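Subject: Structure for you to look at

Hello,

Here is the structure I promised to pass on. Please open it first and then read my notes below.

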Amino acid sequence: MSSGPATTPDLPIEAVLPALAERLAERSACVLVAPPGAGKTTRVPLALLDAPWLAGRRIILLEPRRLAARGAAERMAQTLGERVGDTVGLRVRLGSKISARTRIEVVTEGVFTRMILDDPELVGIGAVVFDEFHERSLDADLGLALALDAQGALREDLRILVMSATLDGARVATLLGDAPVIESEGRAYPVETRHSARDPDQRIEQAMTDAILRALRADPGSVLAFLPGQGEIRRVATLLADRIDAVTHVAPLYGALTPAEQDRAIAPAPPGRRKVVLATSIAETSLTIQGVRIVVDSGLSRVPVYEPGLGLTRLVTARASRASVDQRRGRAGRTEPGVCHRLWAEAATNALEPFGRPEILAADLSGLLLDCAAWGVADPTTLAFLDSPPAPALTEARAMLRALDALDADGRLTPMGVALRALPLPPRLARMVVQAAAHGRAREAANLAAVLVERGLGGDAVDLGDRVERYARDRGPRAQDMRRLADGWAKQAQTFARAQRDAGADFSEAGPLLALAYPDRVARARGRDGEFVMANGRAGRLDPALPLAREAFLVVADLVGTAANARILAAAPIALETIEALFPERIASVTQVAFDKGARALRARAQRRLGALTLGERILPVPPDADSAVILANGIAELGLSVLPWTPALSQWLARLRFLRAADSTWPDLSDAALGATVTDWLAPEIVGRASLDAITADDLGCALQALLPWDLRARLEIEAPTHFEVPTGSRIALDYESEGGPVLAVRVQELFGLERHPAIAGGRVPLVLHLLSPASRPIQITRDLPGFWRGSWSAVRSEMRGRYPRHPWPEDPVAEPPTRRVKPRGT
DNA sequence: CTCTCCCT
């Protein structure tokens with residue numbers, strides 16, 4: 001291996017600079033792929049400065065982070081022996097250093113998007129250089145799409161250079177019109193990679209703790225460990241505390257720490273001591289930790305998943321990408337050769353996604369859509385994006401911007417949209433500030449917006465009123481910077497403000513202000529345990545010990561977690577009267593009819609609703625309409641159809657039809673399941689105007705059942721399955737169709753005297769099951785063969801019965817005897 | 001099992 005960067009001042013990138021200059025002289029776009037340590041960020045812009053095609057115009061260098069932008073500007077200025085603001089300038093949100101002499105402007109990606117939207121011709125600019133493009137931020141993707149559009153339509157002479165560390169350069173080159181790709185060597189010390197697959201039953205915290213302790217014993221130097229999030233970092237720190245030696249210091253490192261805490265975490269260990277830094281993906285790029293020789297990588301990272309439809313983002317723990325784990329490994333070889341321990345089997349590396357998911361595929365696109373509309377493009381998918389913005393997120397963004405009144409029906413910018421774009425804030429918050437300005441509260445709204453966009457400003461209390469108050473008392477440099485910015489937003493918003501009628505809300509308070517930005521996240525308490533339901537239908541919870549948890553209504557600004565378990569991170573209370581005053585056109589009056597199972601009756605309520613949220617309700621008489629009847633019918637079906645007012649005749653009717661259906665499927669299916677599934681069709685029309693089960697009569701049920709039988713089958717029913725059977729005495733006896741063996745005719749035996757043939761129905765096809773009864777209607781015999789009975793067991797029955805009922809006829813030959821229906825004994 | 005990171 002060659003010697004390291006410390007001993008060789010010439011950087012690997014120098015070797016490709018002549019080729020790069022040559023390509024850019026003849027082509028308008030170029031891709032430069034160079035791994036970390038190549039020196040591209042600082043060397044390339046300076047090398048292009050004297051190119052003839054630049055003709056004295058400026059170069060814009062895009063960096064993904066303010067820290068990186070400041071560092072690049074400082075190093076380039078130093079190379080020239082100048083200060084930032086001379087030849088090399090800087091333009092970031094908080095503070096710009098630009099002068100008339102400036103030829104290279106280092107800007108953050110978001111700044112460039114605004115620059116090109118304000119000046120699509122990019123007057124005075126000869127080249128735009130995208131650095132760290134492999135990070136694929138939303139702003140970089142949008143900035144490149146807009147720059148390509150401008151180049152094609154207005155500025156064919158504009159040079160576009162895309163620089164990237166690990167990118168698949170060919171894809172970008174295609175996007176840039178088959179631009180040439182130049183590759184450079186990187187420079188890093190060798191890093192030995194060791195794999196050890198984790199026992200799947202072991203928790204990641206335990207595996208990481210064991211691996212760190214092993215690594216400390218095996219090699220000298222400090223350790224940088226990558227974990228997915230704060231929770232894991234805290235738990236590993238606790239586990240390590242019991243088992244680590246006194247000369248080794250454990251330092252957590254993640255984004256939510258204050259800058260001072262972060263500085264302490266990345267400071268080198270004192271001589272003779274070692275350090276274990278437990279970090280999130282924050283340590284993959286942008287900050288270097290001195291003295292790290294050992295990296296231990298869990299292979300996991302926490303990534304956001306945007307849910308269009310709810311307009312919310314939740315976090316999931318996922319395997320880190322191949323690019324990400326390689327980047328992590330590289331952190332061990334920054335200053336000397338190192339070791340990287342990976343907590344997975346070597347073969348699993350090939351199964352990793354090659355790159356992390358580009359932000360444009362998993363983000364809220366409302367800002368992007370608004371910017372595109374300002375560019376004159378209503379459909380962003382017509383621009384040259386490396387990955388096209390996904391349709392569901394665009395649909396959601398379009399709906400939100402329409403609701404904010406920022407776009408018209410054709411997707412063009414409205415005057416409100418112009419006003420929102422003038423504020424460098426997310427569209428919802430911009431709308432809040434503009435609308436508050438119309439009521440003379442621009443300053444209050446801008447301060448609330450500041451607390452919402454700058455993480456940690458005003459602390460992390462859930463109650464945003466508390467955060468605004470703390471921020472107002474904060475005299476630190478960051479708070480002062482943000483106050484200057486917020487003042488600018490407020491002034492800008494006031495230029496668009498036209499005095500409006502009284503809104504009936506006090507916009508000096510956080511809750512009413514927030515409602516302007518998040519009308520869909522107005523929430524109502526459900527129960528007492530800090531549970532709230534929002535107008536968008538989703539629920540979230542608060543620590544029940546917080547005073548905020550006792551409020552009836554909140555506006556939720558931020559929450560995390562899965563749909564089933566979302567935690568509210570920022571909110572402010574709002575009064576019911578304020579909600580009613582703010583959203584008269586959004587609040588709908590809904591009459592709701594529901595079946596009360598306990599009372600077995602319908603209940604009607606008039607509800608005032610904001611989306612999924614019920615603001616108030618009162619009891620109403622049940623409307624006697626078809627809709628109510630359907631709800632009652634379905635409620636009854638849930639209880640079971642046996643609760644209906646069945647009479648013996650209706651039960652028999654049903655049994656007759658089921659009997660026929662069993663043999664012949666031209667008859668309708670009237671099983672319990674089929675009837676229950678179709679109550680809307682047959683029961684509901686006959687119970688219109690009924691408000692409870694008790695109000696339904698047997699007649700209602702009869703009419704409803706009749707409707708189940710087509711006209712042409714009604715006459716056949718009487719023939720095939722008659723209700724009664726006429727015996728020789730002339731008695732019409734009801735048949736029982738519910739018996740399992742078939743339809744039953746139960747009759748006193750004397751009424752059958754003279755009958756030679758067995759009685760049958762259904763055109764003689766189905767013999768009845770005869771239940772022969774004594775004069776006292778006690779069962780004597782069951783038979784399906786009456787002639788056989790007369791010939792056979794009748795004589796035995798006769799001898800027994802004659803003794804018990806001596807005054808009734810028990811003839812020797814029943815076929816020859818006249819039938820009788822007399823029950824009373826013959827005269828005495 | 002209380003939040004990844006970044007920007008106008």
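Chain A has 27 helices and 31 strands. The radius of gyration of chain A is 42 Å, whereas the globule rule gives 28 Å for 828 residues; the value for the chain is well over that, so chain A is more spread out than a compact globule. Along its principal axes, the C-alpha trace of chain A spans about 145 × 70 × 55 Å. Keep in mind that this is a predicted model.

DNA strand B

There are 28 residues around DNA strand B, and those that come nearest are Arg66, Arg93, Gln230, Arg302 and Arg567. By class, the surface near DNA strand B has 13 nonpolar, six polar and nine charged residues.

Which part of DNA strand B does the protein meet, sugar or phosphate, or bases? Of the strand's atoms within 4 Å of the protein, 67% belong to sugar or phosphate, and the rest belong to bases.

Three of the contacts with phosphate can be looked up in the model. For arginine 93, a backbone N or O atom lies 2.4 Å from a phosphate oxygen of DNA strand B. Glutamine 230 also uses its backbone: a polar atom there is 2.3 Å from a phosphate oxygen of the DNA strand. With arginine 302 it is the side chain, where an N or O atom is 2.5 Å from a phosphate oxygen of DNA strand B.

Four elements each supply at least two residues of the surface near DNA strand B: the helices α4 (109-118) and α8 (230-241), and the strands β14 (300-307) and β21 (565-573). The largest share, three residues, comes from α4.

A three-stranded sheet

Further along chain A, look at the open sheet of three strands, which has the order β22-β23-β24 and antiparallel pairing. Why is one side of β22 and of β24 left without a neighbour in the sheet? β22 (587-596) and β24 (613-620) stand at the edges and have a single partner strand each, so one side of each has no neighbour there. From one strand to the next, the twist averages 30°.

β22 and β23 (residues 601-610) run antiparallel and are joined by 10 bridges. To find one of these, start at aspartate 596, whose bridge partner in β23 is alanine 601.

Helix α20 (residues 626-639) lies across β22 and β23, and runs at about 40° to β22.

Regards

Methods. Residues numbered from 1 in each chain as written. Chains lettered and ligands numbered in written order. Predicted model: local features only at pLDDT ≥ 70, side-chain atom pairs only at ≥ 80, totals over all residues. Heavy atoms only, no water. Pairing = 2+ DSSP bridges. Axes fitted to C-alpha atoms, helices over the stretch in contact; angles between N-to-C directions. Contact = heavy atoms within 4.5 Å. Near = heavy atom within 4 Å. Polar contact = N/O pair within 3.5 Å; in protein donor to acceptor, adjacent residues only side chain to side chain. Nonpolar A, V, L, I, M, F, W, Y, C, P; charged D, E, K, R; others polar. Rg over C-alpha atoms; globule rule 2.2 N^0.38 Å.
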